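Open the model in a viewer and keep the selection panel at hand. The stops below say what to select and what is there.

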Amino acid sequence: MANVTDLQTKYSKLAQEYSKLRAQNQVLKKGVVDEQANSASFKEQLKQRDQSLRKQEQEMDSLSFRNQQLAKRVELLQEELASKVDSPSQHGLETQSVFDEDLQKKIEENERLHIQFYEADEQHRRQEAELMTRLQELEKESEQHQAVVDGLTAKYMETIGRLQSDKARLEVKAQTLERESKECRMRTEECQQQLRRCQSELNRQVKQSSSVIQEKVPFNDTKFGDYNSLNVPPHNRRHQLKARDLSGQALSFIQDLVAALLNFHSYTEQRVHIYPLDSSIEPISPLNQKFSQYLHENAAYVRPLEDSCLQLHQSITEDTVTVLETVVKLKSFADNFSSYTHFLQKILPYQLKSLEEECDTPLCTAALTAKNQELQRDMKRVTSVFEKLQSYIYLLALPSVRQDAMPQSSTSAVFTQLAACLHSLHDAIKEMSKHYNQKAGLEQDLPTITQKLCTTTECLLGSLGSLTSSTGKIATFFSNNLDFFTSSGYSPRGSTVPLNPLQAESMLANKKKAAAYIHAIKKARPQSVPYKEALSNRRILTSSTESREGLTQQVHQSQEKIARLEQEKEHWLLEAQLGKVRLEKENQRIADLETQLAAALRGSPHSQPAAASTLAQSHEEVENEQKPAGRETTLCTSLVGMLCTTPTVEHMGDEESREKLIKTHYMARVGELTTQLQISDSKAVHFHSECRALAKRLAIAEKSRETLSEEVKLANQNITRLQDELATTKRSYEDQLSMMSDHLCSMNETLSKQREEIDTLKLGSKGNAKKNKGR
């Protein structure tokens, strides 16, 4: 019902938003209509201005026409004036002055009209430009408003469609929630009934257990911590499997770290021999020689880390108890890590001095000097972080040497600090890798940089990248599993005392004894199919490895046969090419001989016998050349041998045929390598299928093992119950025997008393009889 209420609230909010959007849409429509009206009014004003412009143009035309008339009249007056200059008179002067005044007025009027015309033209152009600009702005605004209106319309339609779909979906969801609420109520009622049944069953079991404890358990040692610490804790198989899995992951991370450290130290040694002085050209400084000597010994300090970690992983099995007090191999790993830390402390001064020597070179820029100083700080920081790691690892290895070396409460703090230190190591190496990358970029600009130094620097940067990746993985792995490392996997029930190694050994010994006892008393049930045969059939059905192996072997044989046939094919193709080359040579020689013979015949008829003899000799030479060549070819049947014999056939001059033969030979080699690659791929697929089959078998074996362990637990419980029943029966029989013995004793006493009374009565009766006889 709460969900339905929320849906209704949400729907009402959406309806309010929709009403707001509709109101805004009306306002925008009104604005668009107003803008359209303004645009129509502006267009009307533009038309009026156009009309006034046309009127002014007509006035201009009339003015220009009048101006032309005046100009013609002025010309006529000037001509008349020029004709009357020869006979001046007073009347002529007056007429001339009148004409001059009239002309001056006309000129002034013409200038004024020109000025008015120019001003009117400029004003018209300015108004026209303003109106055109205003019209363009209004058109743009109209387009923008129209686009806004279209966008809002589309948005409103989309919102309406979305709201309608939301409404339908919410209605469907409301119906679904109502059904789920009904189902939940029904399940709640069922769960309540099950809870009542469980409570009644638990109460019954508690009463039964209480009665059994009161009757069967005379002393409960779990109430006292001193006594409870002597109890053997149960074996936690899940904890062991988790520890085994985590140790395997840690081993893979340590292997990556070791490989990265080896590459880093090795490429650092190569760089020392190359820069700042190349050892192949001139001797390097004594400091770098000593530094190189120390770096050459890095494998002796780095390899033991991987070996000791491998031994630690192998010591953690499913049957052992893995806690800090029992992991003895951790001490060897801590010692090897300590030796590697001492190695880093030993080479640190040489690293710093070597960087100082690089700074002292003449071509070292200020930026390179700054980067070298940053690298010096990074190397100091990395060495200090390794020292901290050595301290924490040594603390974790102490409990396996001395049980009271470190309290249980401090273990979680040590693990937490170790995780933080691993993250600090990752950050320090990441910073050093960044500074090395920047330094390499600056060294690329130096004029004395060589290709060998560039290659070594790239390899060094790659090793730093892998070192950063491996340290990051280790830090993440340790932080993710910190809860498991800080948890106590083994301890007696109800006790906080850590597990003692002697208790672990006794627990494992008891486990082996119980397993041996169960194995001894267990009787195999009669089966319709023998167990071994059923197990083998099941393995065949689950993995199908045997049939897959047969098919893989057939595929392998087929591939070998195909490869052999391909080789023979290439061999005969090469033979055919050789024959073709020989045939071309022979045809060429025959053509040359025929040409020579024709020339000789044309030269003189007496030279025909000599030409014939020359032709016969040439044929004999060809045959003699072909015979040893054929022998040489038959003696060498391999592709390389045939390639070697081609110069004798082709007289070492035909480069084209030799190139073809070389190409053919290498194509044959490529075919062979392709065949080998296919065979390797088939083997890899075969091995992959075998690994999958083995993984399935392992999973089946693990399941069967878990099943057997559960059966062993049930059998142990049954044995305990039977032992309790046996002890109870034994005690009842002993009580009954004691009661029977007491009853027999009392019966014997009663019988003895009765015999004594009978004897007394017999003696009394005999005495009375004697007395009677005496009378």
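**A charge over a ring**

Begin with Lys346 and Tyr294: the charged end of Lys346 sits over the Tyr294 ring, 4.6 Å from the ring centre. The model is a predicted one.

**Helix H5**

Next select residues 286-296, which make up helix H5. Tyr294 is one of the buried residues here, along with Asn288, Phe291, Ser292 and Leu295. Look down the axis of H5: the buried residues fall within an arc of 160°, so they line one face of the helix. In general, an α-helix has 3.6 residues a turn, so residues three or four places apart point the same way. Pro286 and His296 lie on the other side of H5 and are exposed.

What do the buried residues of H5 pack against? Add residues 237-274 and 329-360 to the selection: these are helix H4 and helix H7, and the buried residues of H5 pack against both.

**Aromatic pairs**

Stay with helix H7 and select Tyr340, then add Phe386 in helix H8 (residues 366-397). Across the whole structure, a search finds 12 aromatic pairs. In the pair of Tyr340 and Phe386, the ring centres are 5.6 Å apart and the planes stand at 75°, which is over the 60 degrees required, so the pair counts as edge-to-face. Tyr340 and Phe386 are 46 residues apart, and their pair links distant parts of the chain. Both Tyr340 and Phe386 are buried.

Then select Phe253, Phe415, Phe477, Phe478, Phe484 and Phe485, which together form one aromatic cluster.

**Cysteines**

How many disulfides does the structure hold? The number is zero. Select Cys191 and Cys184 to check one case: the closest cysteine sulfur to that of Cys191 is in Cys184, 9.7 Å away, which is too far for a bond. The cut-off for a disulfide is 2.5 Å between the sulfur atoms.

Is Cys309 buried or exposed? Cys309 has a relative accessibility of 7%, so it counts as buried. Cys191 has a relative accessible area of 47% and is partly exposed.

**The whole chain**

Finally, clear the selection and show the full protein chain, with its 17 helices and zero strands. The chain has 775 residues, of which 26% are buried. Its accessible surface is about 52,900 Å², and carbon and sulfur atoms account for 55% of that area. Of the contacts between residues at least 6 apart in sequence, 84% join residues at least 24 apart.

Technical notes: Residues are numbered from 1 along each chain as its sequence is written. This is a predicted model: local features need pLDDT of at least 70, side-chain atom pairs count only at pLDDT 80 or more; totals for chains, interfaces and linings use all residues. Side-chain values use heavy atoms; hydrogens and water are left out. Buried means under 20% relative accessible area, exposed over 50%, partly exposed in between (1.4 Å probe, protein chains only). Helices (H or I, at least four residues) and strands (E, at least two) are DSSP runs, numbered from the N terminus. The arc is that of the directions from the helix axis to the C-beta atoms. Contact means heavy atoms within 4.5 Å. Rings of Phe, Tyr and Trp (its six-membered ring) pair if their centres lie within 6.5 Å; planes under 30 degrees apart count as stacked, over 60 as edge-to-face and the rest as tilted. A charge sits over a ring if NZ of Lys or CZ of Arg is within 6 Å of the ring centre and within 35 degrees of the ring normal. Accessible areas come from the Shrake-Rupley method with a 1.4 Å probe; for residues, only the protein chains shown count as cover.
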